[in-house]
Amino acid sequence: MSSDATDRVAKPLASLALVNAAGWGKGFSILTRITVMAFRHPWQSSFAIGATLVASTFQLMIPRLLGQAVDHTQVALTGGNAGQMAQDALLTTALLLLGASVLRGIFTLIQNYYSEAVGHHMGYRLRLACYEKIQRLSFSFHDSMHSGDLITVGLLDLEGVRMYFSTALVRMVLLTMLIGIGAYMLISTDVVLGLLALSFVPFVGWRSSVTQLRLRATWLDLQERLSVLTRVMEENLGGIRVVRAFAAQEHEMDKFEVASQSAVTLAHQRVGIRVANTSAMTLSFFAAMGLVLWVGGTKVMAGQMTVGTLTSFLTFMTILQMPVRQLGLMVNAFARASTCGARLFELLDLDIAIKDGKNASELKVTDGTLRFENVNFAYPSAAKNQVLTGVTFEAKRGETIGIVGPPGSGKSTLAHLIPRFYDVSGGRITIDGQDIRTATLQSLRRSVGVVQQDSFLFTTTIENNIAYGDPWAKEARIERASESAQLHNYVLGLPTGYETVVGERGVSLSGGQRQRLSIARALMLRPAVMVFDDSTAAIDAGTEQRIRSAMRKYAAERVTLIVAHRLSSLMHADRILFMEDGRIVESGTHEELLALGGRYKALYDLQVRPGDDILSA
Amino acid sequence: MAEELETERADVREDGRRPPRAVVGSHRIEEEIFGKVFDSNIIKRIWTFVEPYRTKIYWAVAAVLSFTAMQLLIPLIIRYAIDHGMQQGSADWHVLTWSIVVFLVAIIINFGASYLQEMLVGGVAEDVLFDIRKAMFSHLQRVSLSWMDKTEVGRLMSRLQGDVNSMQEFLETSVLSVGDIALLFGIVFVMLYLDFKLGLLTLCALPVLFVVRLFWLPRARKSFMAAHETNSIANGALAEAIHGVRAVQSMDRERVNFMLYDDKAHANLRTHLTAAKYAQVMVPIVDSLTGLAMALVIVVGGSRVLNQALDVGVMVAFLFYIQRFFDPIRSLTLQYSVMQRAMASGQRLTEVLDVPVDIQDAPNAKVLSPDMDGSVEFKDVVFGYNPKHPVLKHVSFKVNPGETVALVGPTGSGKSSCMSLIHRFYEVQGGQVLVGGHDVRDLTQDSLGRQIAMVLQEPFLFTGTVFDNIRYHKTDATREEVIEAAKTVGAHDFIMRMPGGYDGILGQRGGNLSLGQRQLISFARALVADAKILVLDEATANIDSYTEMLIQKALVKLLEGRTGLVIAHRLATIREADRIIVLQNGELIESGNHTELMRNRKLYSKLYNLNYASFDDIPEDVLDEAVTTGQAT
Ligand SMILES: Nc1ncnc2c1ncn2[C@@H]1O[C@H](COP(=O)(O)OP(=O)(O)OP(=O)(O)O)[C@@H](O)[C@H]1O
Ligand SMILES: Nc1ncnc2c1ncn2[C@@H]1O[C@H](COP(=O)(O)OP(=O)(O)OP(=O)(O)O)[C@@H](O)[C@H]1O
Ligand SMILES: [Mg+2]
Ligand SMILES: [Mg+2]
C-alpha cells in the first residue's frame, strides 16, 4: 500500500477516538455529548456562535432605529431649522438602518454557513466512526441486529445528531440573545411595558418543555413502528421469490397494512401534539402583543410615552415572531437529537466483542498446523445450547480434513471459530502453537480463508467479486482463479464477460455458479488454512471433480477443511470427522470409517447402494 | 495453475499506485434526475393521491388564506390604533378599546386558522405518504421477477422511504407556499392601497432580487444536485457494508473499504459545504434589500410625515409590512429546493408505479381448481432471461399425474429456470407450459400459486416465529399441521431445542439456524401449503443423506396422489424417481428411469459414476469428457 493509503488507514482510529472522547462520563446527558462533539470543531463553531451573537445584536438594533425614525417625524415643526434637523436625523437613521441590515445579513450568512459546516463536519466524522464500527462489530452483534435497523441508525439517527448544532443549539443561542438582550432593552425603557411584552416567554418555555418530552417519547415509539414497517417491506422484496411461489401477495399486503396503520396513527398523533404546541405559542405571543398595544396606547394617550417607543416595542415583537414559530422546530430538534443520539451512541459505544488482545502479535505461520484442543462453544444469543463439545483434532500442512454430519451438528460453527468470527467458550484453537486469540485479527484472518455456506455476493461485476479479497490483483490472476473454480468458460460466454454485474446477492446466477464464484473469490487469497463449508452442494459431481483437480497443488500447501454432504467430495480426505450434536463421534480415513461400520458407513451405503430397501421399508 | 496464483501475488501487492478495485458504493450511482421544478405530469400523478383528501385540502387552503389575511390585518389594526386612538392627552378611549377588541378577534382567528391549517396539512401529508407507499408496494407485488432481478432491494427501499418522504415534505410546503404567495400579493396590495407612491418606491427592491436570482439559480441547483447525489452514494455504501459485513470481515477488507468509504463520505462533505454556501448567499442580499426598502420609507415617508403629508401610522404600517414582506420571499427560496427535490422524487416514484406488469392474469383467466390432475407439461419451450441468449432450448417433457420426476444436469443447465416457468415467474418466449392441462397463461396466478408448493434452492425465511414461518400464508393452518410437517422433514427435534420452541424467533433470514435447518423449515413450509404439485429445487442439498432418507420415507405417504418435481445434484437423492430428465446446456438430452439411463451410458451414467468413484481412480480423459460435456454452459 502506498504511504497515502497507510495514512488514511490510521484515520478510523483517529475519528473513533474523537467521537469517543466526547463520551466522557456516561451519566452526562446525550445532548452535552453532542455539544462537546460540535465544539471539537473550535473554529467553525465559534464562528457560528460569534456570528449569531453579532447578527442578533444587529437585529435588535433595527427596532430601536425604526422607533427613532418614527420619533423624528413627530418633532413639532417649530422653525424651518428644526425641520431640516429632523430631515438630517431621518437620513442618518436610515443610513444606520441600512448598515445594520447589511451587517445583519452578512453575519446571518456566517452564522448559518458555519453552523451547517459544523453539522456536516460532525456528520462526516460520525459517518466514518459508524462505518468503521459496523465493519468491526463481531458476527454475534450482527446476528442480533436486523440490518434494516442498523441502516436506520446509520442514516436517520446520524442525521438527527448532525442537525443538532444548527437547528437546536445555534437557534437556541439566537433566541436567548433576542429575548435576553431584548428583555433588558425593553425593561430598561419601560418596566411595565417590557414585562408585558415578554409575558409570553414563561408560557412558551413551559409549553415547549412539556412538548419536548411528549415528542421524544412518541419519536421513539414511531421509530420502532417504522422499523417494523421497514422490515416488512424489506423482507418482502428480499424474499420476493418465496412470496410469489406461495402466491402470498395478499398476505403480505395485510402485513404491510397492519404495520403501516400503526405507524400512521402515531404519526397523526404527533402532528397533533406539534401543531397544538406551535399554535398555542403563537397565540400567547400575539396576546402579549395585544397587551402591549393596549397598555402602551393608554400610556401614549396619557403622555407617558412616545409613539416611537411604542413602535419599537411592537417592531421588536414582530422580529420575535419568526423565532417564536421556530421555537417549535427547535423543541423538535432537541427531542430528535437526544433520541437519535441515544441510539447512535449506543452503537458507537458498543464493545467490539472480538478484537486484538492487549499484546497481540502477528500470527507466524511456520509448519501450518491447525489444532483444536477440547473446544467448547455456545452462541452468545443462546448460551444454554452447547453447540460444540470437546472438539479436538489436528491438521498439518498439505492435509485435507473432511467433515460430515447432520444439519445443525456444528460444522459451520466449527469453521467460523478458526478465523475468530466467534470466540471459543472453552478450550483453544492454535495455529503453529499460537493460540489464535493472541494473534492480531488481521494476520489471523489473512491466514484463514473460509468459503461460507451461504456466501454473500456483492452487487457488482464478476471481476470485482472475485477480486474482493485482493482488490489490487491483476486480471490474469483473476482469470486463473476463475479457471480453477471452473467459472471461466461460463464467464467468457457472457456478452459482457467479467464486466457482467451479478445482480443482488447474485440473483442472475444459477446456484452452482454462485458457489463457483465464491470459490474463485477464496482462491485469490493465500491462507494457511482454507475451509470450504458445503460450498459444492449445488455443483454437479463432474464439475466438482474438475475443481478439485485444479486445486490439487493449491491444497498441498495448506490445511484444507471440506464440509460436504456428498461423500464423493471428501472420501479422498486424509481424515474424515463425523460430527453429531457438536461432538466428533467418528474420525479416520474413508477406509477406516467404512471398516468401523458406524454412522459414516451407513451414510455411504445410502449414497451408493440402490435404495429400494429404504423406500419400501 | 494454482501455484502461479501465488507467486504473483507478492509483486502485485507492491505496486500500490494502482487504485484498488472499488466495490464500496459503486453500484448505487443514482441516476439523479433533477428535472424541471414544475413538471405537470408528475403533479398530476401526485394529485391523484391527494384527490381523495381534497375537501380537507380546500379547508386547509381556506385556513391558510384566513391566516394570511390576519397577518395582513394585524399591522393595519396597529396603524389604526396609533393614528386614531393615541392622540396625546386625548380622552377618547373608544378607538383604542375597539382596536384592542378587533385585535383580540384577529388573533383568535389567527390561532384557529393556523391550528386548522397545520393539522389538516400535516394529517393529509401523512395520509398521502402512506397511500403512495402502499400503492407502490402493492404494485411491486405484481411487477415481474425479471424486473425485480435487475433492481436492488436497497434502491426500492429508498424509493419507498426517502422519495416518499420528500413528497410529504413537498405537500406540506406547497400548501404553505400558497399562504406565502397570498401574503406577498396581499402585502403589495395593502402597501399600494395605503400609499401608492411610497408603495411603488418600496417595491423597487424587487427587480434587483430577481436579477440576482437569475444568476444564482443555475449554480445553486447544480450544487444541490451534487450534494444529493453524493449523499445517496455514501448511504448506499453504508448499506452495502451492513449487508456484506460477514464477507468483508472474512476477507479482511475493512481497511480498503474504509479508505474507499472515506472518499465517498468526504465527497459528500465537500458537496454539502458548497451547497450550504449557495443556499446561504441569498441571505445577506435579501437582508440588504429589506434594509434598503426600510431606509427609503424612512427618508421619503418620514419627510412626508414631517410635512404632514402622511400619517405616522401609515409609515409604521409600512415598516411592519416590509419586514413581513421579505419573509415569504425567503421561505419561497427555501421551498424552491424542496420543490426541486420533490420533482426528482416524484419522477422516481412514478417510474416505479409505471413499471409495466408484464405477467398478468389474462382477462378470462381460469381458476385452477384443487381437483385438477396435477400434470405438468413442457411443450417445445424456449426461454431466456435475455431473449437473445436462450437458457432453455426447445424443451419438451410431460409429468403425469401422481408421478415423481427428477431433473438433473450440470450446474447452470437450466433446471431452476424450468421450475420458475411452471410457476410463471417468467414468460416463455416459445412453446407452452401446461399445468393440469391448462396453459399457465390462461390461469390466474393466485390459483396457480396455491396448487404449486416450492422449496426454492435458496431457503429464505422471514423474521418472526418458527410457527409463522412454517405456516406462511396459510394462516389457518393449525399447530398440529405445522408440527406434523416439521416432524415429516425431521425439524421437530431441533425446533424443540430452540429457546421458545415453535414460538422461538428466527433472526434475519433465519440467521440463527444452520443452513440445513433453514432448508428443513422451508421444506416444512411447502408441505403445509398442501398443494397438488410439489417442487423441490435442491431441497436437500445441504442435508446429509441419512436425514434425507428419513424425509423421503416420510414423504412417500404425503406424495401419494401428488405430482413431484425434484432437482438434485446428489444423484442418490433421485434414484427412486419414476423418471429422470437430464438437461444439459438448456437442452433435454435424455430421459428414463435410473436403470435405463445407466444402461444408456451417456451423461447421466457418467455423472453417477463420478459421484462415487474415488478421486484418484478417474483417468483424466474420462474426467475431461464428463466435464466438458458437463459444464460448457
Ligand atoms: N434471474 C436470472 N437472470 C439472468 N440469468 C439467469 C437468472 N437466473 C439464472 N440465469 C442464468 O440461466 C442459466 C440457467 O440457470 P439455472 O438457475 O436454471 O441453472 P440450474 O440448472 O438451476 O443450475 P444449478 O444447478 O447451478 O442451480 C445460468 O447460466 C444462469 O446464469
Ligand atoms: N448465529 C447463531 N445463533 C444461535 N444459534 C446458532 C447460530 N448459528 C447456528 N446456530 C445453531 O447452532 C447449531 C449448529 O449450527 P451449524 O450452523 O454449525 O450447523 P451445521 O453443522 O453447519 O449444519 P448444516 O449442515 O445445516 O450447515 C444449530 O443448532 C444452530 O441452530
Ligand atoms: Mg453449516
Ligand atoms: Mg438451480
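Start where domain 1 and domain 2 of chain A meet: in this predicted model, 4 residue pairs are in polar contact between them, both partners being at pLDDT 80 or more.

Next, colour the helices on the domain 1 side. Three of them, α6 (147-162), α7 (164-189) and α12 (307-348) of chain A, each bring at least two residues to the side that touches domain 2 of chain A. Click on α12(A): this helix gives the most to that side of domain 1, with 9 residues. Now colour that side by residue class, and you'll find 9 nonpolar, 7 polar and 4 charged residues.

Time to hunt for a salt bridge. How many are there between domain 1 and domain 2 of chain A? The count is 1. Select R231(A) and D149(A) and show their side chains: the two form a salt bridge, and their closest N and O atoms sit 3.0 Å apart.

Now zoom out and colour chain A by domain. The domain assignment gives domain 1 as 1-188 + 330-353, domain 2 as 191-304 and domain 3 as 370-608. Back at the contact between the first two, select the residues taking part: you should get 20 from domain 1 of chain A and 20 from domain 2 of chain A.

Last stop, switch on the surface. Domain 1 and domain 2 of chain A bury about 1,700 Å² between them, and carbon and sulfur atoms give 64% of that area. Which residues of domain 1 lose the most area to domain 2 of chain A? Pick out I187(A), V331(A) and T339(A): together they make up 30% of what the domain 1 side buries.

Conventions: Residues numbered from 1 in each chain as written. Chains lettered and ligands numbered in written order. Predicted model: local features only at pLDDT ≥ 70, side-chain atom pairs only at ≥ 80, totals over all residues. Heavy atoms only, no water. Domains from an automatic or database assignment. Contact = heavy atoms within 4.5 Å. Buried area = accessible area lost by both parts, 1.4 Å probe. Salt bridge = Lys/Arg side-chain N within 4 Å of Asp/Glu carboxyl O. Polar contact = N/O pair within 3.5 Å; in protein donor to acceptor, adjacent residues only side chain to side chain. Helix = DSSP H or I, 4+ residues; strand = E, 2+ residues; numbered from the N terminus. Nonpolar A, V, L, I, M, F, W, Y, C, P; charged D, E, K, R; others polar.
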